[in-house]
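Biologist: Could you walk me through this one before I set anything up? I'd like to start with the aromatic side chains and then turn to the overall shape.

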Amino acid sequence: MSAVVNLVRKGFYLDSVGLMRMSREIAALDGVEDAALMMGTPANREIMANAGVLAAEGAAASSGDLVLAVRAEDEATARLVLTKAQALLDQPRRGGTTSAAWRPKTVRAAQRAVPSLDLALISVPGEYAASEARKALMRGLDVMIFSDNVPIEQEVELKLLARELGRLVMGPDCGTAIIGGVPLAFANRVPRGSIGIVGASGTGTQEVSCIIAREGGGISHAIGTGGRDLKESVGGITTLRAIDLLDEDPATETVVLVSKPPAAGVVRIIRERIARSGKRFVVCFLGLGEIDLPANAQAAPTLRDAAFLALGKPVAGKGPDDRCRPAGTGRRVEGLFAGGTLCAEAQTIFLRAGLEVSSNVPVPGASAMPAAGHRLVDLGDDEYTRGKPHPMIDPGVRDQPFEAALRNPANAVVLLDVVLGHGGHADPAGAIVAVLERHAGARPAVIASVTGTRDDPQDLRGQVAKLEAAGVDVRPSNADAAETALGRLDHG
Amino acid sequence: MARSTAGQTGIAGRIDAANREALRRMLAADPVLVDVVPAHSVMPALAERTILHAGPPIGWERMCGPMRGAVAGIAVFEGWAKDLDEAEALARDGAFTFDANHHHDAVGPMTGMTTRSQMVMVVENRAFGNSTYCTINEGLGKVMRFGGNDPEVLTRLRWLKDVLGPALGRALRDCGGVPLKNLVARGLTMGDEMHQRNVACSGLFLRAIAPALARTSDDRGRLAEALAFIAANDQFFLNIAMALGKAIMDPVRNIDGSSVVTAMSRNGTDFGIRVSGCGDEWFTAPVEQPRGLYFPGYDEADANPDMGDSTIVETIGLGGFAMAASPAVAGFVGAGSAADAALFTREMSEITLVENPEWTIPALDYQGVPSGIDIRLVADSGITPIINTGIAHRLAGVGQVGAGIVNAPLGCFTLAVRAFAGRLGVSR
């Protein structure tokens, strides 16, 4: 037999919303059939009567009184629940601890909240990226599109619109930029300086900027273009715009262009643009053979050379030393790269040494995998990352191929890259060391480079020390690492 | 880096100019409550057996339970049927003419019944000369706007018609009307958002009208009844706020090229919006179910979907849009804390064009309420207007069972954007 018990708090006012929330809590307690906390107005008393929770005490309450009404399975439960309801009423209210900070959901709202914003970084599924980029451009913003899978016709359309509006579109698939000292997406903390970078490739820009930083130089701006900008159909619209911006920028003295080989027609346009500039240019089109450049430009065969030429220094590596373990019986180099451009740079170094090399992303002159010769794999390419994170975000992607490479008796050297900076994994070296520790018995030499600066969120020195302690030969640049691997073959 | 001014296509510029005019009219409005009169005296369409309802147009067949209950109740009240059963039979047989309040300069809360002999409050927008109408709020509990229709409900309606309505009319004529813009501004600083919470504005209104009520009354008993009724009804001001909303938005209708929403409204079955640049066309989608808190004895299973013309207050930047002014109301959102109230208001600024400089919120450092809903911003962001609302029982005759929040359905906004683009000659 259920029991209805009421309790009246004379002259106790609480807002009805607060009371309704408490009613819900009370009604949910064990043994409670229904409950109400309401001010004793005539209308409320009628509601409580209809709900079968009003007893004589409650019926006698007036508008200024709070009625606590419970119908429970028995009287003891009802009284216990009312005691709990009283406690709930009297407990101090917590401050706004659950309040979340407001974050804008649209570019428009962000811009209204912070009117000085001048660049939008767009990272949404590719099918929506162009539409968001277009809106940002129309709102007077420069745009960096991190998203990939944007149709090339949309890229051309956006870049033409940006040119008309006097704006910049970096990307799509632009992974790296440093604008006014601010690293965007995958980028390193590099001091500001007089060298501007225009990069079609993310890790290429990271490698060049990190070597410049290590050698005492600095970056004015590193502008990303997206990997397709120098294709015939896009025609280098963003590259040309970026050159214009750096040309106008008084802080920039030297401009470095980093890209895979552009279309021939685009090379001509870029060459003409460079010839019109009063600034010094260093051009690194990885994998492109001889290139005819104007007097104010120098060609760099590797990313490392591009950095040193930009600094006006002689190219300096750290020659081979004898820390490498014996290379075993193998004759082959297997490279496992997180950075696509670092993979391309290594291929060009092997090709220049007259060696046969294959890759899943071959540069001109290299063979498509599988093929004989040395094998340099870009683990960031689509076939490895479909539905999975990029190896710069999750270095574990490399574990399995790395383990296999260590066990493969054909390998004399395993060549690796480690890329630090914003956006990257907190401890990429740790993943490599863990694989090495699990490996038993003889193994090929492991040679690596670490792309990063001492100001990066990961501890550059710690990463290098960790690798060296595990027997990895760490070289100051990716080009040095590739050359050291070649040296091992000569000596082996 | 060098910049130049962004170019604008011709159509975007045209929409911007039209929207500027829409906002100018919204912000220039000067709504004043001037009178209370019999509905038929100001709404010529209100012939015998004509019933105006909330929301976009709907016939008896598609009406929800509480709307049907209210139709039956109001038919008995008007003397068109002797009892509820006869009224329902007449409705089924097509004896009544139904139309939307919005088509007749009127708005009504929840079921929104407006018929010829009810008294309606008159709000005049003195900046533009238009007037709008709304019935008098019946109070809480079992009331017609939530589908109640028993003798108690009908007796109260008669008292509103015969006693309170005429008294308020006399008082308003005597004092020259009560200006509303400033009253709302003060209410916002006192914790009202004018949809779910009208405690402050109801009190401020009573303070404004009491002297004139006393001056124009020759019956102390009836004066006391009138004062007590207003004083006991925390939602008294809601119906005034609604007529005010309609008075502000009507001059904004039919501006060629404007993408500003001029009305949002629901009939318990459909949610409809009207857009300035799309004439008087309704864009509708099925209404959603409110999320809220319930009176003892009721839960979600009893709730009728969203209903009423009261969303006109959100259309002018109040209600859910002004949640930051009314932290207590934010508590209706499940786990929402009072401190979260500001987030609702800030989110609504994503889909509105301006902040109203005259209606400000102290807790947001006197930021104005987000006003001027742009259908393009809604369709583009997927953020839909948030609405504070009462919840009716899904069956006829029961009345209010709770209160909560609900979002406008995205569907009517995407429909509207397509039609709007069509009118401007834009194709995909």
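Biologist: Is B:Trp80 buried or exposed?
Modeller: Bearing in mind that this is a predicted model, B:Trp80 is buried, because its relative accessible area is 7%, under the 20% cut-off for that class.

Biologist: And which ring does B:Trp80 pair with?
Modeller: B:Trp80 forms a tilted pair with B:Phe96, the centres being 5.9 Å apart and the planes 40° from each other. B:Phe96 is likewise counted as buried, at 7% relative accessibility.

Biologist: Where do those two sit in chain B?
Modeller: B:Trp80 lies in the loop between helix H3 (65–78) and helix H4 (84–92), while B:Phe96 lies in the loop between H4 and strand E3 (97–100), so the pair links parts of the chain that are 16 residues apart.

Biologist: Why is the pair of B:Phe96 and B:Phe98 edge-to-face?
Modeller: Their planes meet at 75°, with 6.4 Å between the ring centres, and an angle over 60 degrees is what earns that label. B:Phe98 counts as buried too, at 19% relative accessibility, and the ring pairs join B:Trp80, B:Phe96 and B:Phe98 into a cluster.

Biologist: Switching to chain A, what's in its secondary structure?
Modeller: Chain A has 17 helices and 20 strands. Its radius of gyration is 33 Å, well over the 23 Å that the globule rule gives for 492 residues, so chain A is more spread out than a compact globule.

Biologist: How much of chain A is buried, then?
Modeller: Buried residues make up 54% of the 492 in chain A, and its C-alpha atoms fill a box of roughly 100 × 60 × 40 Å along the principal axes.

Conventions. Residues are numbered from 1 along each chain as its sequence is written. Chains are lettered from A and ligands numbered from 1 in the order in which they are written. This is a predicted model: local features need pLDDT of at least 70, side-chain atom pairs count only at pLDDT 80 or more; totals for chains, interfaces and linings use all residues. Side-chain values use heavy atoms; hydrogens and water are left out. Helices (H or I, at least four residues) and strands (E, at least two) are DSSP runs, numbered from the N terminus. The radius of gyration is taken over C-alpha atoms; the globule rule is 2.2 Å times the number of residues to the power 0.38. Buried means under 20% relative accessible area, exposed over 50%, partly exposed in between (1.4 Å probe, protein chains only). Rings of Phe, Tyr and Trp (its six-membered ring) pair if their centres lie within 6.5 Å; planes under 30 degrees apart count as stacked, over 60 as edge-to-face and the rest as tilted.
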